[in-house]
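Colleague: Could you take me through one part of this model close up? I'd like to look at the open sheet and how its strands sit together.

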Amino acid sequence: MTSRTPIIPQNLKLLVEERIHDDGLRGNIRRATHTSLGKRAAVVEDFPRWEEMRTTAHDIKKHVMDNLAHYLELFERQATEAGAQVHFARDAKEASSIVCGLAREHGERVIVKSKSMATEEIHLNPALQQSGLRVLETDLGEYIVQLAEEPPSHITAPALHKSRGEIGRLFSEQLGIPYTDDPEELTAIARRVLREEFLQADVGISGVNFGLAESGTICIVENEGNARLSTTLPKVHIAVMGIEKLLPDAESLGLFLNMLGRSATGQRITCYTSLITGPKRSTEPDGPEQLHIVLLDNGRSTMHADPKLREALYCIRCGACMNICPVYQKVGGHGYGSVYSGPIGSVVTPVFMGEQAAHDLPFASSLCGACADICPVRIDIHHHLLDWRHRMVEGQDGPLLERIAMRLFTFTALSALRFDLAGRLARLFAPFLKHSAGGMRLPVWSETREFPNLPEKSFKQLWKEDRERS
Ligand code: SF4
């Protein structure tokens with residue numbers, strides 16, 4: 001669907017309202033997320049000790065975050081020694097300005113970019129375009145959403161919300177080619193267009209999946225080869241890396257590569273794993289002459305300083321929590337209005353964008369806990385959401401009706417007699433609340449739901465009868 005409502009978290013309710021009634025969109029999201037979950041389940045079975053691996057991954061990330069200053073310094077030292085130029089960016093504006101400055105200095109023709117959520121977070125593409133530079137997304141999903149002038153709707157599958165028919169129509173309109181919805185043909189078309197651009201590009205921009213502190217190496221995983229081309233063909237490579245992406249060493253990387261591929265796309269390992277240590281050496285024929293690594297803070301230090309929120313920095317951006325989330329499955333990534341959507345997006349966005357802008361996000365969850373159960377690094381996501389809810393409403397009285405209802409409930413629940421009487425009255429009047437029987441609609445709650453049938457007898461009555469029988 002094409003939304004006219006700006007995709008920002010302040011519009012959460014409007015965005016959800018638009019999407020929740022769109023059967024086509026919901027079908028696309030359901031198919032994609034369920035396929036991903038099915039594949040994940042199959043490959044996780046390879047490891048009978050998967051749960052222990054999750055604990056180890058959690059512990060490694062905890063160790064790195066608890067010693068972040070040490071690992072950052074080590075990474076910077078090693079990367080610099082290997083010939084890379086390391087830049088620190090306090091916030092999105094500074095990161096964007098560093099990258100735009102470097103790109104202006106070296107990029108006269110086109111800038112090729114491989115998929116990177118960090119660059120989405122700093123709104124790099126609009127900034128590059130405002131600097132007069134042409135930037136081209138080279139990951140197929142990102143290329144599709146760039147053509148559609150939309151943000152990505154999922155952190156690993158940016159165009160997951162689109163059907164192949166929609167992609168076919170988009171290609172036909174934007175590239176002036178005959179319509180086809182054949183995935184192989186569409187991929188071949190994108191490949192042809194992008195190959196030409198790769199050969200023209202002066203600068204390649206990428207994200208980073210992992211940064212190895214012991215060697216200053218950056219690791220990029222992908223499936224299409226576009227990241228490898230973006231980081232080796234142009235003479236300058238700029239990598240934007242959140243400071244939380246650090247791992248101690250190559251040994252720990254082995255575990256995380258296993259967990260990322262399986263959790264993200266249900267693959268045993270992604271097709272391409274690039275390990276880049278510095279720019280091209282004088283003895284090497286290929287590779288960029290310059291490698292710039294932009295280490296991005298943008299609120300991560302705030303999260304790091306908060307003992308509760310620090311755990312959110314363990315995230316390896318696999319997207320599994322989105323795939324399994326019943327809310328994400330209904331509205332997709334654009335429904336949240338934030339760059340990072342789904343359960344983990346609702347935890348980190350209040351830091352990245354401010355509590356006021358992201359005020360409603362932590363409430364966009366059923367708190368079922370499926371996200372925490374699937375997370376490969378065991379982030380207690382739903383409790384973080386609950387914690388954000390507390391923070392958001394702290395010091396506020398809440399709506400009058402809600403306060404009256406809560407007081408009434410407290411009064412009722414504090415006496416067995418009153419509770420019993422309330423149960424009897426509820427069972428007596430509940431049938432009149434059913435809209436199918438012409439009953440009244442309660443505000444908000446029953447607008448889209450039917451009032452449930454209450455059991456004929458209370459648990460207390462059933463218990464009593466059972467005791468009398470035995
Ligand atoms: S919070 Fe966990 S499940 Fe969600 S994207 Fe991050 S690592 Fe994956």
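Modeller: Let's settle one term before we start: two strands count as paired here if DSSP finds at least two bridges between them. Keep in mind, too, that this is a predicted model.

With that in hand, the open sheet has four strands in the order S8-S5-S6-S9, and its pairing is mixed. The edges are strand S8 (246-247) and strand S9 (272-276), each of which pairs on one side only. As a reminder, strands of a sheet pair through backbone hydrogen bonds, either parallel or antiparallel.

Start with S5 and S6. Strand S5 covers residues 210-212, and three bridges join S5 to S6 in an antiparallel run. Put your cursor on Leu212 and you'll find Thr217 of S6 opposite. The two strands make a hairpin with four residues between them. In that turn sits Gly216, with a positive phi of about 70°.

Now go across to the other neighbour of S6. Strand S6 takes in residues 217-222, and five bridges tie S6 to S9, again antiparallel. Two facing pairs are handy for finding your way: Ile218 is opposite Ile276 in S9, and Cys219 is opposite Leu275 in S9.

What about the surroundings of S6? Six of the six residues of S6 are buried, so the strand is largely enclosed by the rest of the structure. In a regular strand the side chains alternate between the two faces of the sheet. For S6, Thr217, Cys219 and Val221 point one way, while Ile218, Ile220 and Glu222 point the other way, and all are buried. Notice that Glu222 is among those buried residues.

For contrast, look at strand S3 (residues 134-137). Its covered face holds Val135 and Glu137, whereas Arg134 and Leu136 are on the uncovered one. S3 pairs with strand S2 (residues 110-113) in the parallel sense, over four bridges. There, Ile111 stands opposite Val135.

Zooming out, the chain has 21 helices and ten strands in total. Its radius of gyration is 25 Å, close to the 23 Å that the globule rule gives for 470 residues, so the chain is as compact as a globular protein of that length. The C-alpha trace spans about 90 × 55 × 45 Å along its principal axes. Of the 470 residues, 40% count as buried. Among contacts with a separation of 6 or more, 72% come from residues 24 or more positions apart.

The sheet's strands S6 and S9, at residues 217-222 and 272-276, fall in the stretch assigned to domain 1 (26-301), while domain 2 is 408-469. The C-alpha centres of the two domains lie 53 Å apart.

Two loop residues are worth a click as well. Glu149, in the loop between helix H8 (140-147) and helix H9 (164-175), has a phi near 55°, a positive value in a residue other than glycine. Glu149 counts as exposed, with 8 C-beta neighbours inside 10 Å. Leu367 also has a positive phi, about 60°, without being a glycine. Leu367 belongs to the loop between helix H16 (342-353) and helix H17 (370-374), and is partly exposed, with 16 other C-beta atoms within 10 Å.

Last stop, the ligand. Of the 15 residues around the ligand, Cys315, Cys318, Cys321, Ile344 and Cys375 come nearest. That shell divides into twelve nonpolar, two polar and one charged residue.

Notes. Residues are numbered from 1 along each chain as its sequence is written. This is a predicted model: local features need pLDDT of at least 70, side-chain atom pairs count only at pLDDT 80 or more; totals for chains, interfaces and linings use all residues. A residue is near a molecule or strand if its C-beta atom, placed from the backbone, lies within 6 Å of it. Ala, Val, Leu, Ile, Met, Phe, Trp, Tyr, Cys and Pro count as nonpolar, Asp, Glu, Lys and Arg as charged, and the others, Gly among them, as polar. The radius of gyration is taken over C-alpha atoms; the globule rule is 2.2 Å times the number of residues to the power 0.38. A residue is buried if 20 or more other C-beta atoms lie within 10 Å of its own, exposed if 12 or fewer, and partly exposed in between; C-beta atoms are placed from the backbone. Two residues are in contact if their C-beta atoms, placed from the backbone, lie within 7 Å. Domain bounds come from an automatic or database domain assignment.
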